[in-house]
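Here is a brief report on one structure. Sequence and model come first, then the notes.

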Amino acid sequence: MITPRHGRTYGVSPVHRRLKGMTIQRRDVDFGFDASTIPRDWCHDNAFQTTFLNALSLLFPEGEKFFVDSVKKLRDRAPGIEREITGFIGQEAMHGKEHRAFNDLLVAHGFPSAPGIDRRLRGFLKLVRRTLSPKSQLAATCALEHFTAMLAEQLLENPRMRDELHPSIRPLWLWHALEEAEHKAVAFDVYEAAGGGYVRRVAIMLLTTAIFFAAQALAHARLMADRKILWKPWTWLRGAGRLWLWPGYLTRLVPSYLSYFRPGFHPDDRDTRATLAAWRDQLFGDAGTLRAQTRLIA
Ligand SMILES: [Fe+2]
Ligand SMILES: [Fe+2]
């Protein structure tokens, strides 16, 4: 065993930094969504917040496929964490499957733009695959995995945020959040093992931040147009205020976002093992709320 500078003890691996006790279980969860049981404004009964999260959900299937492909391209460079990589790939594949099932309902909910958003993202990511080197593609994945981990940890730790999700859809986001937090370090560890450096990591983070917010804003605007709230400034201001002012769900993430720019940053610097253990038990334990609809994959 080795004790790195963080003062925590890690298992011996070529990466040397992975927290002990982090298993990445693949789970095949089947939510069997039914449009008639999910309200159109399923987040806080608020059209702005719901369309924001619908837009995010539309970016997941193609985005997560990109994450998986970028890790696969360099997985041979990270011996010693094969099990974690397999867990990461399996979890992301399941997220894509269930978010696609949810996204398929959006047309029935009055969002005819939804399939076009998915299609355009696929085209854009094709261009990214052709343009960026494998290492830079993986750096983009690390950046976006940091985003998903920040959002996930906030959802798992913030009851107010959770309560805003309608019970028909809350389990999807909780399951996804738990697994994002479980595998948050995998792409990063592969990046470092493949020789990915600091300058590329932060430069790609800045680029990815700009592109991600632009893509999310475009998708959000299209869905708001479908929902006929695009030209209602009061709806906008109130919704944006909730994201950026109070409760300020996005503003609260700024310190965590900035921590990525520290030269010694590692996703496991934020140790959330206790929170994750509690959620694993609540969702998938003996009396777990999702146990009946979940198949564990060895
Ligand atoms: Fe995911
Ligand atoms: Fe992820």
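## A partly exposed isoleucine

Ile211 has a relative accessible area of 36%, so it counts as partly exposed. The model is predicted. Ile211 sits in helix H8.

## The nonpolar surface patch

Ile211 belongs to a nonpolar patch on the surface, together with Phe124, Leu127 and Leu207. The accessible area of these residues together is about 330 Å². Two helices build the patch: H3 (114-131) and H8 (198-226). Each supplies at least two of its residues.

## The iron site

The iron ion (ligand 2) takes its protein donors from four residues: Glu92 (OE), Glu145 (OE, twice), Glu180 (OE, twice) and His183 (NE2). These donors lie 2.0 to 2.7 Å from the ion. Along the chain, they follow the spacing E-x52-E-x34-E-x2-H.

Why is the arrangement around the iron ion (ligand 2) irregular? The six donor atoms subtend angles of 52 to 154 degrees, and this spread makes the arrangement irregular. Ideal angles for six octahedral donors are 90 or 180 degrees.

## A shared glutamate

Glu92 coordinates both the iron ion (ligand 2) and the iron ion (ligand 1). The two ions are 3.8 Å apart. Glu92 lies in helix H2 (residues 82-103), while His183 is in the loop between helix H6 (170-182) and helix H7 (186-193), so the pair ties together parts that are 91 residues apart in sequence.

Are Glu92 and His183 buried or exposed? Both are buried.

Definitions and conventions
Residues numbered from 1 in each chain as written. Chains lettered and ligands numbered in written order. Predicted model: local features only at pLDDT ≥ 70, side-chain atom pairs only at ≥ 80, totals over all residues. Heavy atoms only, no water. Patch = residues over 30% accessible without salt bridge, like charges linked within 9 Å, V, L, I, M, F, W, Y side chains within 5 Å. Areas by Shrake-Rupley, 256 points an atom, 1.4 Å probe, with all protein chains shown as cover. Salt bridge = Lys/Arg side-chain N within 4 Å of Asp/Glu carboxyl O. Helix = DSSP H or I, 4+ residues; strand = E, 2+ residues; numbered from the N terminus. Buried < 20%, exposed > 50% of the residue type's maximum accessible area, 1.4 Å probe, protein only. Donors = N, O, S within 2.8 Å, 3.2 Å for Na, K, Ca; no water. Tetrahedral: all angles 85-135°; square planar, octahedral: opposite > 155°, others 65-115°.
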